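Trainee: I have a model open and a list of terms to check. Can we go through them one by one?

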Amino acid sequence: MKLKVLSLNVWGLHYLAEKIPDRLNHIANELHSYHIVGLQEVWSKDDFNFLKDKLKKDFPYSHYFHSGIVGSGLCVFSRYQIVEVLSHSFRVTGGIGDFTDGEVFVGKGVLCCRIKTPEGSIAFFNTHANPKCRESQMFECYQFVQCARGTDPIILCGDFNTKPSHTPYHLFTKCLGLKDAFLDLPLDTCDLTTNIYTVKTMTPKRIDYIFYTDDNCPSHGLTLEGKALALSGSILGMDYPYSDHEGLEATFALERRKEQHCPVPIPMTEECVAVFRNLSGTIKEKKKRYDYSSKQVVGSWVVLTALVLVFAVVMNHPTLFSFLAGYHLGWVGSAFTGLAGAIAMVITFVLFSAVQLKSAMETNILEINTLIRVHSSRQDGGES
């Protein structure tokens, strides 16, 4: 049987993205030819429900991944039954200052839907990473896929915010043994100069992928038959595109094997260990920068709080200063006292985020180093 898959970052961030309802409506109109669709940045549950209602005839099965305050933005639509759902919210969410761009409020992660087709089940993964901490998040994605893959053929798609030259890309190709469906057709998927939503200072890049494996299952397998950009360029009759990203489509043949196939475990190669070492080093460097920036941010907020409190004392006790005698400034003092309390709450939030981020990054570093150590002990003939 044919299995046509689409992956698209729909750019659904309300108050920042443009024409979301119109674009989602046009996107939904273009999905009738696909069997499974993985979308990213569907941040609003209302937007998901709109798509679910509009697509229910062609896609009776769907799942929305709830995570974080705003959501994960991840959802899957399928013509075939979703029989199992697994998900993981990334531990490392962003830097200390990222509450200004919303990263700490969203729950980016990876979603797995096990889908039962007439030719057997497949494990369909959908993910979205933050470029500022892609090393940590993609390592967590690697771990999740490794644990959740089972013995079904795998399709992993999404917005990885990772170029092929970046270390996290090799986690999937060299360490998980997945194939890049667009390896011999490396088309840019974001920040195209022809896209009106592209920031002029940005350059085109390939950061969206569809990965797959064809030898993970003993009874049925995937064969890639075609791939292309999808929902690319301006919407027909409109002067704006479907999204700020290009969509990716891949067509597979999903067939039962004539003979039972024995999947070969993926070995931990030296090439893979080199990927882990590079990953660990990069995360350590980012952790140092985050530690330094957290101290700066907290220090600045503490100084600001102190200044506001001093001003509040002055306003609450104007008789202490001759030039303020006769003025009734108690309400101003109360206002500044309240402001100081609000700033103290922000400091508490920043400190909590800093501790959480440090702990999560240290955990990832420890887990990566454990994999390296296990490989080294096996190479030396020792026990793991």
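Trainee: This is a predicted model. What is the order of the six strands in the open sheet?

Mentor: The order is E5-E6-E7-E8-E10-E9, and the pairing is mixed.

Trainee: What makes a strand an edge strand here, and which strands are they?

Mentor: An edge strand pairs on one side only. That describes strand E5 (81-89) and strand E9 (179-180).

Trainee: How do you know that E9 pairs with strand E10?

Mentor: Pairing needs at least two bridges. Two bridges join E9 to E10 (residues 208-212), and the strands run antiparallel. In one of them, Asp180 has Phe211 of E10 as its bridge partner.

Trainee: What packs on this sheet?

Mentor: Helix H4 does, touching strand E8 (154-159), E9 and E10. The direction of H4 makes about 15 degrees with that of E10.

Trainee: Why is H3 described as roughly parallel or antiparallel to H4?

Mentor: Start with the angle. The axes of H3 (residues 134-148) and H4 (residues 167-175) cross at roughly 25 degrees and come within 8 Å. Angles under 35 degrees count as roughly parallel, so H3 is roughly parallel to H4. The crossing is right-handed.

Trainee: Which residues make that contact?

Mentor: H3 gives Arg134, Glu135, Met138, Phe139, Cys141 and Tyr142. H4 gives Pro168, Leu171, Phe172 and Cys175. By class, the residues are eight nonpolar, no polar and two charged.

Trainee: Lys174 is in H4 too. Why is Lys174 called partly exposed?

Mentor: Its relative accessibility is 30%. Buried means under 20% and exposed means over 50%. The value for Lys174 lies in between, so Lys174 counts as partly exposed.

Trainee: What does Lys174 contact beyond its neighbours within four places in sequence?

Mentor: Glu271, Cys272 and Val275. Also, the C-alpha atoms of Lys174 and Val273 are separated by 9.5 Å, though the two residues are 99 apart along the chain.

Trainee: Now strand E4 (residues 75-78). How do you know that both faces are covered?

Mentor: Look at each side in turn. Cys75 and Phe77 lie on one side, Val76 and Ser78 on the other, and all are buried. In a regular strand the side chains alternate between the two faces of the sheet.

Trainee: Which strands pair with E4?

Mentor: Strand E2 (residues 36-40) pairs with E4 in the antiparallel sense over four bridges. Strand E3 (residues 61-64) also pairs with E4 in the antiparallel sense over four bridges. Ser78 of E4 stands opposite Ile36, and also opposite Tyr61.

Definitions and conventions:
Residues numbered from 1 in each chain as written. Predicted model: local features only at pLDDT ≥ 70, side-chain atom pairs only at ≥ 80, totals over all residues. Heavy atoms only, no water. Axes fitted to C-alpha atoms, helices over the stretch in contact; angles between N-to-C directions. Parallel < 35°, antiparallel > 145°, perpendicular 65-115°, else oblique. Left-handed = near helix turned anticlockwise from the far one by under 90°. Contact = heavy atoms within 4.5 Å. Nonpolar A, V, L, I, M, F, W, Y, C, P; charged D, E, K, R; others polar. Buried < 20%, exposed > 50% of the residue type's maximum accessible area, 1.4 Å probe, protein only.
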